[in-house]
Amino acid sequence: MAFNDDEKPPTSNTGSTKGLVTIKPAKYFKDDAALTADTVTAEVEINATSSTTVREGLDLVAVLDLSGKMDGEKIDSMKKAMVFVIMKLTPVDRLSIVTFSDGASRLSPLRSMTPAAQNDLKALVDGLQASGGTNIQAGLETGLSVLANRVNTKARTANIFLMSDGHQTSGDPRQVDPGQVAIYTFGFGRDTDHQLMSDIAKKSPGGTFSSVPDGSMVSLPFSQLLAGLLTVVAQDVQLTITPMTEEGDVDTIVVPPGTDYTQTTDADTGVITLKFGTLFAGEGRRVVITLTLKDVTATFSEEYETTLAEVQHSFTAQGRLRDLQLQQDIGILRTPTPSQGPGASSKARQLQAEIARRQHAEVIRQARVLADNGQFDDARYKLVDAQKASENIVLDGGEKLVNSLRAELQQLMKLMDTEETYKAKGRPYALASETSHGRQRYAARGGDEDGDVRLFATPRMDTYREQAKNFKNPTVALPVPSAADEDVKQE
């Protein structure tokens, strides 16, 4: 398969790249370190601008399951969600539709979403019919081929929406290499192989898995990820951490597990590189670093300030070369009389909260594994213990985070009540939670609309959520702004 007939889009909005992605001063778990061997935990946070005025053009391939099990209410709901997507795109954005059942077909090339193209694709979606088996691999390979053979790629982001409601009946989609394409998967209904859909998303850079229970609105999770993709302000975002190990105070440096980003360490220099992929407007990424310090009592007896590492972030935007930002230092006071325990500053408490969030995510993973093995009582006990621990999280103005973590645990405890409930809703909820925490990006967990956990949601996502909830009938007068450009004006 070789598709090189993508339409040439107009140039996306351009402007200064200054301030698109910034880095905050490091936060520390404690205020100082001993002169003897000690450990320092720090956090580096990078943030994308909240402005949506300047963004990359979107190339989106919707890979849709048309197997026989999608017939009826499911395919009707999917059609409505796709119409919402089509209506929100602008001429700067391009959309291709790929369907699969026993095999896969590309129904349209990447088309610039002019009003004429929108009408064509809405008619195409309206005519979709379900039949046959489920060959997710064929659908993925076709969608990736559409993106791999593009002629026009400058300042554009390549993404796939993959939706399926069943188990793979032929092939193995886990063997498909996504390359640099983010794949956002949506598991529709209780019969979906949720673990498979989660694995596909996690194998791609930045992709997430969202759970769509039977009878729910597909347009809601679609709208949330679309809101992000229509506000991509930077691509290839990276963070490098250079430890002061040769002649400095650092013995070792570790980025503890808890994120699903690509991480490499240079064997010669010890430089750690983290690759985050794209950032949506208003998104942030937090990196926790643990440094072990050398015993310097043979050289120093009085306190002194020292640099432990240098951090630098970089990104590409608007088709320009990688933009290296100014380096920042991670440093600390070393003293013969160190303070005991974590610091009392606001920044120290924020770091404690981030560590607690990561521990929370790990508890969800452990509880899911127990439940997968039929140990539902043990899984619920683990969640209850985490719920009690959350009572000790203290934040300055961080009630929203703590309340979200507690709500997530409460919902999971309900969904692990019985084996039937767990398989239908509990497992997909847990998997969506894991991918959301690991990527620090919103994923729909499949909770009810009012109890939806909004961790990592951006302002545009909140706007689109309300629009999708009000999007009742796409055949009548337009109930939402005609395109993303209108949303920018309102913001």
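In the predicted model, strand 6 is joined to strand 7 (residues 104-106) by three bridges, and the two strands run antiparallel. Within this pairing, phenylalanine 100 of strand 6 stands opposite alanine 104 of strand 7, and the connection between the two strands is a hairpin that passes through three residues.

Strand 6 also pairs with strand 8 (residues 111-112), again in the antiparallel sense, over two bridges; here arginine 94 is the residue of strand 6 that stands opposite serine 112 in strand 8. A parallel arrangement is found with strand 5 (residues 57-65), which is connected to strand 6 by seven bridges, and in this pair valine 61 lies opposite serine 96 of strand 6. Between strand 5 and strand 6 the chain passes through helix 1 (residues 73-88), forming a β-α-β crossover that is right-handed.

The accessibility of strand 6 was examined on both of its faces. On one side Arg94, Ser96, Val98 and Phe100 are buried, and on the other Leu95, Ile97 and Thr99 are likewise buried, so that both faces of the strand are covered. Because seven of the seven residues of strand 6 (residues 94-100) are buried, with under 20% relative accessible area as the criterion, the strand is largely enclosed by the rest of the structure. Arg94, which stands opposite serine 112, and Phe100, which stands opposite alanine 104, thus both belong to one covered side of the strand, together with Ser96 and Val98.

In the UniProt record, an unreviewed entry, residues 59-229 are listed as "domain: VWFA". Over residues 59-229 the chain is 36% helix and 23% strand, and the C-alpha atoms at the two ends are 9 Å apart.

For the protein as a whole, the secondary structure amounts to 11 helices and 19 strands. The radius of gyration is 24 Å, which agrees with the value near 23 Å that would apply to a compact globule of 491 residues, while the C-alpha atoms fill a box of roughly 80 × 55 × 40 Å along the principal axes. Of the 491 residues, 56% count as buried, and the accessible surface comes to about 20100 Å², with 47% of this area belonging to carbon and sulfur atoms. Among the contacts between residues at least 6 apart in sequence, 76% join residues that are at least 24 apart.

Key: Residues are numbered from 1 along each chain as its sequence is written. This is a predicted model: local features need pLDDT of at least 70, side-chain atom pairs count only at pLDDT 80 or more; totals for chains, interfaces and linings use all residues. Side-chain values use heavy atoms; hydrogens and water are left out. Buried means under 20% relative accessible area, exposed over 50%, partly exposed in between (1.4 Å probe, protein chains only). Helices (H or I, at least four residues) and strands (E, at least two) are DSSP runs, numbered from the N terminus. Two strands pair if DSSP finds at least two bridges between them. A crossover is right-handed if, with the strands pointing away from the viewer, the path from the first strand over the helix to the second runs clockwise. UniProt positions are given in the numbering used here, feature names are shortened, and annotations may be inferred rather than shown by experiment. The radius of gyration is taken over C-alpha atoms; the globule rule is 2.2 Å times the number of residues to the power 0.38. Contact means heavy atoms within 4.5 Å. Accessible areas come from the Shrake-Rupley method with a 1.4 Å probe; for residues, only the protein chains shown count as cover.
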